[in-house]
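User: I would like to learn how to read a helical model step by step, with the general idea given before the particular case. Could we work through it together?

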Amino acid sequence: MFSAMFSGGKGDIVNPPEGIPSAMTQPHTHASHPAIIKRLRRASGHLSSTIDMVVQGRDCVDVAQQLQAVEKAIQQAKKALIQDHLDHCLEDLVGPLKSGQRHSLDEFREITRYL
């Protein structure tokens with residue numbers, strides 16, 4: 001989707017606007033992405049069902065309960081993506097770390113679990 005914003009019309013990626021790093025327009029995948037996609041597709045289907053519940057005039061408490069489940073599913077996908085990013089992208093960027101630096105990165109990774 002992001003790369004589609006910078007498409008040259010034939011699916012070619014053109015230079016992004018000023019301030020957007022070009023690395024953000026390149027395909028970027030990790031081993032965890034299929035599982036994240038699966039979570040998001042499940043949440044999307046659940047959201048569609050919840051929309052149908054509203055259209056059908058179902059009880060507000062039931063709808064709210066389903067919306068909570070959709071939010072939780074999206075939150076878990078976000079958390080998995082952030083954790084994967086820290087595991088791969090950030091560590092690749094900074095390179096090998098000394099033990100004190102490793103501890104700081106591990107603490108940062110741990111605190112992101114509360115997002």
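User: At what angle do helix 1 and helix 2 pack, and how far apart are their axes?

Analyst: The general idea is to compare the directions in which two helices run, each taken from its N-terminal to its C-terminal end. In this structure, which is a predicted model, helix 1 and helix 2 pack at an angle of about 165°, and their axes are 9 Å apart. Because angles over 145 degrees count as roughly antiparallel, helix 1 and helix 2 are roughly antiparallel to each other. The crossing of helix 1 with helix 2 is left-handed, and by class their contact has 15 nonpolar, 5 polar and 3 charged residues.

User: How many helices and strands does the chain have, and what pattern does it follow along the sequence?

Analyst: An inventory of elements is a useful frame for what follows. The chain has 3 helices and 0 strands, and when read along the sequence it follows the pattern α-α-α. Of its 115 residues, 16% count as buried. Among contacts in the chain with a separation of 6 or more, 42% are accounted for by residues 24 or more positions apart.

User: Which element has the lowest mean pLDDT, and which the highest?

Analyst: The general idea is to read pLDDT as the predictor's confidence in each residue, on a scale from 0 to 100. Helix 3, covering residues 99–111, has the lowest mean pLDDT among the elements, at 80, whereas helix 1, covering residues 33–55, has the highest, at 94. Over residues 1–14 the pLDDT is below 50, and this stretch has 15 contacts in the model beyond near neighbours in sequence. For the chain as a whole, the mean pLDDT is 77, with 77% of the residues reaching 70 or more.

User: How do helix 2 and helix 3 cross, and which residues of the two helices meet?

Analyst: The reading goes in the same order as before, from the axes to the residues. The axes of helix 2, which spans residues 60–94, and helix 3 come within 10 Å and cross at roughly 150°. That angle makes helix 2 roughly antiparallel to helix 3, and the crossing of these two helices is right-handed. On the helix 2 side, Q83, L86, D87, L90 and E91 take part, and they meet R102, L105, F108 and R109 in helix 3. By class, the contact of helix 2 with helix 3 has 4 nonpolar, 1 polar and 4 charged residues.

User: Is H33 buried or exposed, and which residues is it in contact with outside its neighbours in sequence?

Analyst: The general idea is to ask how much of a residue's area remains accessible, with values under 20% counting as buried. H33, whose place is in helix 1, has a relative accessible area of 14% and is therefore buried. Leaving aside neighbours within four places in sequence, H33 is in contact with H28, L81 and D84. D84 lies in helix 2, and at 7% relative accessibility D84 also counts as buried. With neighbours within four places again set aside, the contacts of D84 are H30, S32, H33 and C89.

User: How far apart are the C-alpha atoms of L47 and V70, and which residues does L47 touch?

Analyst: Here the idea is to set separation along the chain beside separation in space. L47 has its place in helix 1, and although L47 and V70 are 23 residues apart along the chain, their C-alpha atoms are separated by 6.2 Å. Not counting residues up to four places away in sequence, L47 touches L67 and V70. At 34% relative accessibility, L47 counts as partly exposed.

User: How far apart in space are D52 and V63, and how far apart are K78 and I36?

Analyst: The same two separations can be set side by side for each pair. D52, found in helix 1, is 11 residues from V63 in sequence and 9.6 Å from V63 in space, C-alpha to C-alpha. K78 is found in helix 2, and its C-alpha atom is separated by 8.2 Å from that of I36, which is 42 residues away along the chain. As for accessibility, D52 is partly exposed, with a relative accessible area of 42%, and K78, at 42% relative accessibility, counts as partly exposed.

Conventions
Residues numbered from 1 in each chain as written. Predicted model: local features only at pLDDT ≥ 70, side-chain atom pairs only at ≥ 80, totals over all residues. Heavy atoms only, no water. Helix = DSSP H or I, 4+ residues; strand = E, 2+ residues; numbered from the N terminus. Contact = heavy atoms within 4.5 Å. Axes fitted to C-alpha atoms, helices over the stretch in contact; angles between N-to-C directions. Parallel < 35°, antiparallel > 145°, perpendicular 65-115°, else oblique. Left-handed = near helix turned anticlockwise from the far one by under 90°. Nonpolar A, V, L, I, M, F, W, Y, C, P; charged D, E, K, R; others polar. Buried < 20%, exposed > 50% of the residue type's maximum accessible area, 1.4 Å probe, protein only.
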